Amino acid sequence: MLGRKERGQLGLFITGSLRQLIPDEHVLARVDRVLDLSWLPGEVGDAYCADNGRPGIDPEVAARLMLAGFLLGIVHDRRLMREAQVNLAIRWFAGYGLHEALPDHSSLTRIRQRWGAERFRRIFERTVMACVDAGIAKGEVVHVDASLIRADVSWESLAVRHVEAVEAESGDAGPEAQAQHRNGRQTGKYKKVCTTDPDASMATNGRNWRLEPSYKQHGVVDELCGVVLDVEVTAGETNEGQELLARLDAAARIAGSAIKVATADAGYAYAKVFAGLEAREIAAIIPTKAEPIRSKVPLRRFRYDARHDHVTCPRGKILRPNKARISHGRFFASKARDCKGCDLAAICLSPSRVTKALVIVHDYPALLRARRRRERWGEEENRLYQRHRWRSEGFHGEAKTWHGLARAVRRGLGNMKIQAYLTAAVINLKRLAAALLATIHAIGRALIAGRRQSAAHHGRRAGGFDLRSAAAA
Ligand code: SF4
C-alpha cells in the first residue's frame with residue numbers, strides 16, 4: 001500500500017537531553033565519551049581579564065564547537081555556525097539547548113586570536129596523553145613524514161621577488177644583470193612570494209608538479225594504533241630533514257617514553273639526521289639515497305678515514321682537509337704531484353684542474369654506517385618500512401580527506417598551526433573513541449562467553465538445559 005507522511009508538524013517537544021535523539025554511533029556521541037576538557041579553563045584563564053568586561057564564551061564550549069567542526073569536516077566558522085543552527089548533534093556536543101542562541105561565528109575567530117597557537121597545541125598534547133594512558137600509544141616505534149598544505153592564497157597574489165631586477169632598475173647591478181633583466185631571462189635568484197600570506201612559500205610535492213604556495217605539516221605517528229604523537233607546521237620550502245630530530249624530541253616528551261625505532265622516507269636520509277638518531281639511540285629505518293653520479297670515479301670509491309681525518313682515493317693517494325669552509329661540510333683536496341701521471345686523471349679530475357677536490361659532509365661516518373645497515377635490512381625492517389607508508393601517509397590522507405587539511409582555512413603561520421593541531425587532536429580522539437568501543441565490545445563478548453560457559457555448566461549439572469536459549473538470553 002502506498003504510504004503517506006503528513007508534513008508541517010507544529011512543534012518539537014522533548015523532555016530530557018538532546019542526547020536521546022542522537023544515535024550512539026554518531027561520531028560526536030562517541031568522541032564525547034572520551035573527551036575531557038575540564039582542565040581547559042585553567043589553561044586559558046590568563047588570557048582573560050579576571051575582574052572586568054563581559055563574560056566570554058565558556059572555553060570548553062568554544063573548544064567543543066571547534067572540535068565538532070573539525071570532526072565533521074566543517075572547518076569554516078561561518079559554515080559551522082550555520083550548520084550548528086540545525087544540527088542537534090553539534091548543539092548537544094557543545095552544550096546548547098534546542099532553543100538557545102548560538103554565538104556569532106566571529107567569536108570563534110576572536111577566541112583563536114586570544115588563545116594563540118600554543119594553547120591549541122596543549123589541547124592536542126592532552127589527546128596524546130589520554131591515548132598513552134589508555135594504552136593505545138606507546139611512543140616506542142614511530143613513523144615520521146611531512147606533507148604540503150596549499151596556502152589560502154590565489155595565484156594572482158603571487159609576486160616575483162628578484163634582487164637583481166631591483167638593482168637593474170636602480171642601475172646598481174652590473175651590465176650582465178641589467179642585460180638579463182632587459183631580455184626577461186630568469187635566473188635562480190627569481191623567487192615567487194605570496195603577498196597575501198607571506199608566511200607560506202612556494203613548494204612542490206614532486207619534480208613533475210608545479211610549485212604552489214604552501215605550508216608543510218610534519219607529523220610523528222605511533223605504530224600501535226596510529227595515534228598522532230606530534231605535529232608541527234612550517235613554511236612549505238622547509239626541508240623535512242631539518243625538522244625530524246626536533247619532532248622526535250617533542251613526541252618523546254609528550255608521550256613520556258623513549259623512542260626506540262623511527263621510520264621515514266628517503267627525503268630524510270641525511271648524514272646529520274642519522275648522526276642525531278644515533279646520538280639518541282634510535283634505530284633508523286630510513287632508506288639511504290643513491291649517491292648522485294657526477295663523475296666516472298664516484299665518491300664511494302674515495303674512502304674517508306674518520307680516525308685520521310683524511311680521504312684515500314682509488315689509487316691510494318691521501319686527500320687532506322683544506323681551510324675552505326662550507327655550511328654542510330669540508331673540502332678535501334689531493335696534491336698536484338700525486339695526480340700527475342695518474343691513469344685515472346682523465347676521468348677523475350675536472351678539466352682545467354690538476355688536483356682532486358671533494359666535499360665530505362658533516363657526520364659523514366654516520367651516513368656510511370646507515371648505508372651499511374640498509375644493505376642488511378631483514379624482514380622486520382622491511383615490514384616496518386611498509387607500515388610507515390600505511391601509518392604516515394594514512395594520517396596525512398585522513399587529515400586532508402575527512403578533516404579539511406588539504407587547504408589552509410586561514411592565513412598566517414599561527415592560524416595554520418591551530419588548524420593542524422585541532423585536526424591532529426580530532427584524529428586522536430577518534431582513535432581513543434574507537435579503542436573504547438572495542439573494549440566495550442570485548443567486555444560484551446566476554447560476558448556472553450561467560451554466560452554460555454555458565455549455562456553449559458548449569459546444563460551439565462541440571463541435565464537437558466537448552467544452551468541456545470541461554471545464549472540468546
Ligand atoms: S687523479 Fe688523483 S685523486 Fe684521482 S685517482 Fe688519481 S691520484 Fe687519486
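Q: In strand 13, which residue is the bridge partner of Ala333?
A: Keep in mind that we're looking at a predicted model. Strand 12 (residues 329-333) and strand 13 run antiparallel to each other, paired over 5 bridges. Within strand 13, the residue that partners Ala333 is Ala357.

Q: Which strands stand at the edges of the open sheet?
A: The sheet has 5 strands, with antiparallel pairing, in the order 9-10-11-12-13. An edge strand has a single partner, so one of its sides is left without a neighbour in the sheet. That description fits strand 9 (303-305) and strand 13 (357-361).

Q: Is helix 9 roughly parallel or roughly antiparallel to helix 10?
A: The axes of helix 9 (residues 240-255) and helix 10 (residues 271-279) come within 9 Å and cross at roughly 15 degrees. Angles under 35 degrees count as roughly parallel. So helix 9, set against helix 10, is roughly parallel.

Q: How many nonpolar residues does the contact of helix 9 with helix 10 have?
A: From helix 9 come Gly241, Leu244, Leu245 and Leu248, and they meet Lys272, Val273, Gly276 and Leu277 of helix 10. Sorted by class, this contact has 1 charged and 2 polar residues, and the nonpolar ones number 5.

Q: Which helices each supply at least two residues of the shell around the ligand?
A: Around the ligand sit residues including Cys313, Asp338, Cys339, Ala345 and Cys348. By class, the shell has 8 nonpolar, no polar and 4 charged residues. The helices that each give at least two residues to this shell are helix 11 (336-339) and helix 12 (345-348).

Key: Residues are numbered from 1 along each chain as its sequence is written. This is a predicted model: local features need pLDDT of at least 70, side-chain atom pairs count only at pLDDT 80 or more; totals for chains, interfaces and linings use all residues. Side-chain values use heavy atoms; hydrogens and water are left out. A residue is near a molecule or strand if one of its heavy atoms lies within 4 Å of it. Helices (H or I, at least four residues) and strands (E, at least two) are DSSP runs, numbered from the N terminus. Ala, Val, Leu, Ile, Met, Phe, Trp, Tyr, Cys and Pro count as nonpolar, Asp, Glu, Lys and Arg as charged, and the others, Gly among them, as polar. Two strands pair if DSSP finds at least two bridges between them. Axes are lines fitted to C-alpha atoms, for helices over the stretch in contact, and angles run from 0 to 180 degrees between N-to-C directions. Angles under 35 degrees count as roughly parallel, over 145 as roughly antiparallel, 65 to 115 as roughly perpendicular and the rest as oblique. Contact means heavy atoms within 4.5 Å.
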